[in-house]
Amino acid sequence: MDTIATTDFIHVYEPGTDTDRRPLLLLHGTGGDESDLLGLGRMVAPGASLLSPRGKVLEGAMPRFFRRLSEGVFDEDDLRRRTHELADFVNWARERHGLAAPVAVGFSNGANIAASLLLLRPEVLAGAALLRAMSPFAKPPQAQLAGKRVLILSGAMDPIVPADDAERLAHTLSSNGATVDHRVLPSGHGLSQPDIGLLKGWLMGA
Ligand code: MLT
């Protein structure tokens with residue numbers, strides 16, 4: 001396996017003030033960066049430590065967490081490599097800052113690599129909120145996900161994520177033992193107010 005131990009992600013770390021709160025690993029969408037989801041993180045988990053890396057792959061000028069061949073068609077070799085790289089970064093950050101395993105909050109491309117982290121490196125995350133996520137692998141690997149809570153928020157009118165693809169992801173994660181709450185909202189690919197409320201409520205139990 002192509003595991004690379006590197007910790008050189010551009011990132012923001014915001015120490016929390018509430019030690020009862022799980023840290024959040026914030027993973028932005030295509031074209032975003034490490035500052036994109038900080039406001040969301042502060043809103044949905046006040047007082048939590050926030051760890052927010054920038055994806056290292058550039059599509060034109062747009063940062064992403066892994067390469068794709070076209071929209072919705074992923075370079076799975078690159079995805080595997082980048083997933084291990086991100087997992088090693090999270091482990092490094094946990095050690096450096098004395099953090100518990102974080103809950104990932106990923107949007108779009110960030111949600112897709114969070115799903116890949118769950119499948120390839122489940123020990124790195126306590127759980128994950130996957131916002132507008134797709135199945136990262138055509139043939140998903142088996143993983144031990146017992147005890148992991150996962151929230152999937154999909155958009156009924158999402159032009160990027162087909163409904164059956166998000167369903168397949170929910171099924172993959174739950175059949176590997178995760179406790180999955182999958183909600184389909186009357187929205188598109190972008191986040192809406194109901195996403196925030198559902199995410200905030202779900203994180204209370206994290
Ligand atoms: C991806 O490439 O991860 C998905 O197509 C979502 C996106 O970033 O557009």
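Visitor: Why is Leu130 called buried?

Guide: This is a predicted model. In it, Leu130 has 0% relative accessibility. Buried means under 20%. Leu130 therefore counts as buried.

Visitor: Where is Leu130 found?

Guide: Leu130 sits in strand β9, which covers residues 127-131.

Visitor: What does Leu130 touch, leaving out residues up to four places away in sequence?

Guide: Its contacts include Gly106, Ala111, Val150, Ile152, Leu169 and Leu173. Two of these names, Leu169 and Leu173, come back among the buried residues of helix α4.

Visitor: How do you know that the length of α4 fits what is expected for a helix?

Guide: Helix α4 runs over residues 163-175, 13 residues in total. From first C-alpha to last, α4 reaches 18 Å. The expected value, at 1.5 Å a residue, is 18 Å, and the span of α4 is close to that.

Visitor: Which residues of α4 are buried?

Guide: They are Asp165, Ala166, Leu169, Ala170, Thr172 and Leu173.

Visitor: What makes you say that they line one face?

Guide: Look down the axis of α4. The buried residues fall within an arc of 160°, so they line one face of the helix. A general rule helps here. An α-helix has 3.6 residues a turn, so residues three or four places apart point the same way.

Visitor: What does the face of α4 turned away from the buried side carry?

Guide: That face carries the exposed residues Ala163, Asp164 and His171.

Visitor: What covers the buried residues of α4?

Guide: The cover includes helix α3 (109-120) and strands β9, β10 (149-155) and β11 (179-185). Strand β9 is the one that holds Leu130.

Visitor: What follows α4?

Guide: Gly177 does, with a positive phi near 110°.

Visitor: How do you know that Arg64 makes a polar contact with the ligand?

Guide: An N or O atom in the Arg64 side chain is 2.8 Å from an oxygen atom of the ligand. The cut-off is 3.5 Å. The pair therefore counts as a polar contact. Polar side-chain atoms of two other residues also lie by ligand oxygen atoms: Arg68 at 3.1 Å and Asn109 at 2.9 Å.

Visitor: How much of the ligand does the protein cover?

Guide: The protein covers 96% of the 260 Å² of accessible area that the ligand has on its own. Among the residues around the ligand are Thr30, Phe66, Phe74, Ser108 and Ile160.

Visitor: Why is Glu85 called buried?

Guide: Glu85 has a relative accessible area of 6%. The limit is under 20%, so Glu85 is buried. Glu85 belongs to helix α2, residues 76-97. Its side chain makes a polar contact with the side chain of Arg82, at 3.3 Å.

Conventions
Residues numbered from 1 in each chain as written. Predicted model: local features only at pLDDT ≥ 70, side-chain atom pairs only at ≥ 80, totals over all residues. Heavy atoms only, no water. Helix = DSSP H or I, 4+ residues; strand = E, 2+ residues; numbered from the N terminus. Buried < 20%, exposed > 50% of the residue type's maximum accessible area, 1.4 Å probe, protein only. Contact = heavy atoms within 4.5 Å. Expected span 1.5 Å × (residues − 1). Arc of directions from axis to C-beta. Near = heavy atom within 4 Å. Polar contact = N/O pair within 3.5 Å; in protein donor to acceptor, adjacent residues only side chain to side chain. Areas by Shrake-Rupley, 256 points an atom, 1.4 Å probe, with all protein chains shown as cover.
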